[in-house]
Amino acid sequence: MTNLVIGAGLIGITSAYELLKRGQSVTLLEECEGPALGTSFANAGMLTPSMSDPWNSPGVYKYLVKSLFNPSASMRLRLHAIPSLIGWGSKFLRYSSKHYFQAALKDNYNLTCYSLRKTQEIAEKYDLQYCRDTNGTLSIFNTHEDFSVKESLYQSLQKSGLKCSILSPSEIISLVPSLAPIHSKLYKGIHYYQDESGDAYLFCKELLAKYLAAGGQIKYGISVKSLAVSRNKIIGVNTQSEFIPATQVVVASGANSPAILKSVNVNLDVKPAKGYSLTLNVDGVSGLPSLPVLNDAMNVVITPLGDRLRIVGTAEFAGFDLSIDNARIMQLYEMFEFMYPEIASQVDRESALPWAGLRPMSCDGKPFIGACKIKGLYINSGQGPLGWTLAMGSANILADIILGSPTEIDAKPFSMLRSDRDISV
Ligand SMILES: Cc1cc2nc3c(=O)[nH]c(=O)nc-3n(C[C@H](O)[C@H](O)[C@H](O)COP(=O)(O)OP(=O)(O)OC[C@H]3O[C@@H](n4cnc5c(N)ncnc54)[C@H](O)[C@@H]3O)c2cc1C
């Protein structure tokens, strides 16, 4: 079988690797001139079963409506994007009911745990170097109200097996001494010690090298314009300059997946949600944290990645806009200065790398993995804010489905053909 995988981000590279491992002939097609230069380039680096909750949680609509009038809201709906969000948006809101939210939370948790296990296995098998850190993640809360929202969430995840510790302000400072300047502002923390972190871009490069060494192919500078189908069966793809034949095609093109699938009338309910990051060189800086810390109220996370520190925050439903808004970058600096004033005073801002990426958000908070109505056409997309966490698990499920092998966890909740009837809570 000749397999083409469209997109060399986290999802495409892991999918291509898993297909190759199962004896398939695979070529990755990527429109950029290198791997993982899209959303997988500078994300927050967290692998977090603890964050399996979909963003469309009960009450999200009130937050989004208010955000229209608040330019600094951490999750923001932009007025100009509303027309492009109408169909998807109504589903996004419908799936924010308590019933759907709880079901999606459970499904995502199963997949995040499976995926983290698969990531750990491959990291250890090849000794992959991607600034991997196994100290977990820490969420900090400034008020009882903020904490109580997360308390009910982790209590429902605990029933599925999540392990974590609740920390007092003094225990938070023992774990991360550089938070001492904000000791008086801390209410409580949750240490999710089974989470991990690492640089997704470096992981992609390392895994791609293993894939190429094992005989996988990649072509850069190839932009897929449409899919080619004959008698309801995939026969290849049309690029900017040629037709490339294939017996199987995997669309793993992040936020751009729906546009590619539209060429054969397959509707994928995925829309972009923009996020920002700021990566700072902290070589020689003292007092660095040893794990990612999420300030829940501010919706910002600061992740150590070797000799770099990455500050990440914000989500905007603003269409396909990758421009960098300086006000958002200043907001990240302010949050950094608030959380780690002593580290911030040592950092050279000249070295900062501001970045924006588009999370591929599905309408119901779960990825789409598997077959669609066209024979030979497969989808692995819509991992949204959890694409790094979910990449290895999604790729294993996809490859098993393509090969007709049993999947290790239930893949039905992530099927393209899932319906409301499949939700069991
Ligand atoms: C600010 C931010 C922070 C995040 N933090 C985390 C985190 O801490 N943990 C976590 O688990 N996830 C996180 N995520 C989410 C995660 O980064 C994404 O879910 C993931 O990168 C999506 O991977 P992907 O391969 O689907 O998309 P991409 O990385 O965008 O890859 C898609 C690839 O397809 C290529 N492509 C598109 N169209 C075509 C075409 N027509 N022809 C050929 N190639 C094409 C693109 O060039 C791109 O390389 C974060 C995202 C953002 C934006």
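I began with Tyr130 and Phe203, asking whether they are buried or exposed, and in this predicted model I found both of them buried.

I then looked at the wider set of ring contacts, and the structure holds 11 aromatic pairs. I took Phe92 and Phe317 from among them: their ring centres lie 5.8 Å apart and their planes meet at 65 degrees, which is over the 60 degrees required, so I entered this pair as edge-to-face. For their place in the fold, I noted that Phe92 belongs to helix 3 (residues 82-94) while Phe317 belongs to strand 17 (residues 308-317), so the pair ties together parts that are 225 residues apart in sequence. I also checked exposure here, and Phe92 and Phe317 are buried.

Returning to Tyr130 and Phe203, I recorded that they too form an edge-to-face aromatic pair, with 5.2 Å from centre to centre and 85 degrees between the planes. Tyr130 sits in the loop between helix 4 (98-126) and strand 5 (137-141), and Phe203 sits in helix 7 (residues 200-213), so this pair ties together parts that are 73 residues apart in sequence.

Which residues do ring pairs link into a cluster with Phe92? I found Trp88 and Phe317 joined with Phe92 in that cluster.

Last, I looked up arginines placed over aromatic rings. I noted Arg94 over the face of Tyr95, at 5.0 Å from the ring centre, and I noted Arg349 over the face of Tyr333, at 3.8 Å from the ring centre.

Definitions and conventions. Residues are numbered from 1 along each chain as its sequence is written. This is a predicted model: local features need pLDDT of at least 70, side-chain atom pairs count only at pLDDT 80 or more; totals for chains, interfaces and linings use all residues. Side-chain values use heavy atoms; hydrogens and water are left out. Rings of Phe, Tyr and Trp (its six-membered ring) pair if their centres lie within 6.5 Å; planes under 30 degrees apart count as stacked, over 60 as edge-to-face and the rest as tilted. Helices (H or I, at least four residues) and strands (E, at least two) are DSSP runs, numbered from the N terminus. Buried means under 20% relative accessible area, exposed over 50%, partly exposed in between (1.4 Å probe, protein chains only). A charge sits over a ring if NZ of Lys or CZ of Arg is within 6 Å of the ring centre and within 35 degrees of the ring normal.
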